[in-house]
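Trainee: Please give me a close look at one strand of this model and at the parts that surround it. I would like a connected account that moves from the pairing of the strands to the side chains and then to the charged contacts.

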Amino acid sequence: MKITIDLVPDKTDTEITVSCGSLTPEIEKLLATLRILDRQLTVRRDDSIHLLDLGKVIYIEAVERSTFVYTAEAVYESDFRLYELEQQLADSGFFRVSKSCLVCLKKIHSLKADIDRKIRITMENGEQIVASRMYADELRKRLGVK
């Protein structure tokens, strides 16, 4: 892979051009990573690819070997693993609450103490997610609650 950077002093907008022989899975993943920087997530639903605004994402869940992205309107599938999304979305207000789930902190409606120091999270769409003990204390700290 060859990377070329052209510095143009009077250019006001950044432009990225990808030249390739074919659109490989590696290049698609690279493009998806660049879209995250632009606050968009590349996801799939019904054999079509969607560019999803991060502001619409309520939570992300890993089930078996698939990663699902939940919005108020629909469920999408991502090609990224949960740990990859956790790293890429940490600065965008997403937080891991269990081994298999990331939530958007801005989309939390309420918290309730559960058994064994777990926390029952109600998201703004009414879905409930349980934060495991391992992540509960850090979640409280991030939200500024005791």
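Mentor: Two strands are taken to pair if DSSP finds at least two bridges between them. With that rule in mind, the account can begin at strand β7, residues 101-104, in what is a predicted model.

Strand β7 has a partner in β6, residues 94-98, to which it is joined in the antiparallel sense over four bridges. The two strands form a hairpin, and two residues lie between them. Within this pairing, Phe95 has Val103 of β7 as its bridge partner. Strand β7 is also joined to β3, residues 59-63, by three bridges, and these two strands run antiparallel as well. Here Tyr59 is the residue that stands opposite Val103. Val103 is thus a point of reference for both pairings, facing Phe95 of β6 and Tyr59 of β3.

The side chains of β7 come next. In a regular strand the side chains alternate between the two faces of the sheet. In β7, Cys101 and Val103 point one way, while Leu102 and Cys104 point the other way. All four of these residues are buried. For Cys101 the relative accessible area is 4%, and Cys101 is therefore classed as buried, the limit being under 20%.

Two cysteines in one short strand raise the matter of a disulfide. What separates the sulfur of Cys101 from the closest cysteine sulfur? The closest one belongs to Cys104 and lies 12 Å away, which is too far for a bond. A disulfide would need the two sulfur atoms within 2.5 Å, and by this rule the count comes to zero. Elsewhere in the chain, Cys20 is partly exposed, because its relative accessibility is 40%.

The hairpin partner β6 leads on to a charged contact. Arg96 forms a salt bridge with Glu86, and the closest N and O atoms are 2.9 Å apart. Arg96 lies in β6 and Glu86 in helix α2, so this pair ties together parts of the chain that are 10 residues apart in sequence. Arg96 is buried, with a relative accessible area of 10%, whereas Glu86 is partly exposed at 29%.

On the other side of β7 in sequence, the loop between β7 and β8 supplies a further contact. Lys107 forms a salt bridge with Glu124, with the closest N and O atoms 3.5 Å apart. The pair links distant parts of the chain, since Lys107 is in that loop and Glu124 is in the loop between β9 and β10, 17 residues apart. Lys107 counts as buried at 15% relative accessibility, while Glu124 counts as partly exposed at 47%.

Strand β8 then belongs to an open sheet of three strands, in the order β8-β9-β10 with antiparallel pairing. Its edge strands are β8, residues 108-113, and β10, residues 128-131, each of which pairs on one side only. From one strand to the next the twist averages 25°. Strand β9, residues 119-123, is joined to β10 by four bridges, and Arg120 stands opposite Val130 of β10.

Helix α3, residues 133-143, connects this sheet with the β6 side of the picture. The buried residues of α3 are Tyr135, Ala136, Leu139 and Arg140. They cover an arc of only 145° around the axis, and so they lie on the same side of α3. An α-helix has 3.6 residues a turn, so residues three or four places apart point the same way. On the other side of α3, Met134 and Lys141 are exposed. The buried residues of α3 pack against β6, β8, β9 and β10. Arg140, one of the buried residues of α3, is also linked with Arg117 and Asp137 in a network of salt bridges. Just after the helix, Gly144 takes a positive phi of about 75°.

These contacts belong to a wider set, as the whole structure holds eight salt bridges. One of them joins Arg44 to Asp79, with the closest N and O atoms 2.6 Å apart. Arg44 is in strand β1 and Asp79 in the loop between β5 and α2, so that distant parts of the chain, 35 residues apart, are linked. Arg44 is partly exposed at 33% relative accessibility, and Asp79 is exposed at 51%.

Conventions: Residues are numbered from 1 along each chain as its sequence is written. This is a predicted model: local features need pLDDT of at least 70, side-chain atom pairs count only at pLDDT 80 or more; totals for chains, interfaces and linings use all residues. Side-chain values use heavy atoms; hydrogens and water are left out. Axes are lines fitted to C-alpha atoms, for helices over the stretch in contact, and angles run from 0 to 180 degrees between N-to-C directions. Buried means under 20% relative accessible area, exposed over 50%, partly exposed in between (1.4 Å probe, protein chains only). The arc is that of the directions from the helix axis to the C-beta atoms. Contact means heavy atoms within 4.5 Å. A salt bridge is a side-chain nitrogen of Lys or Arg within 4 Å of a carboxyl oxygen of Asp or Glu.
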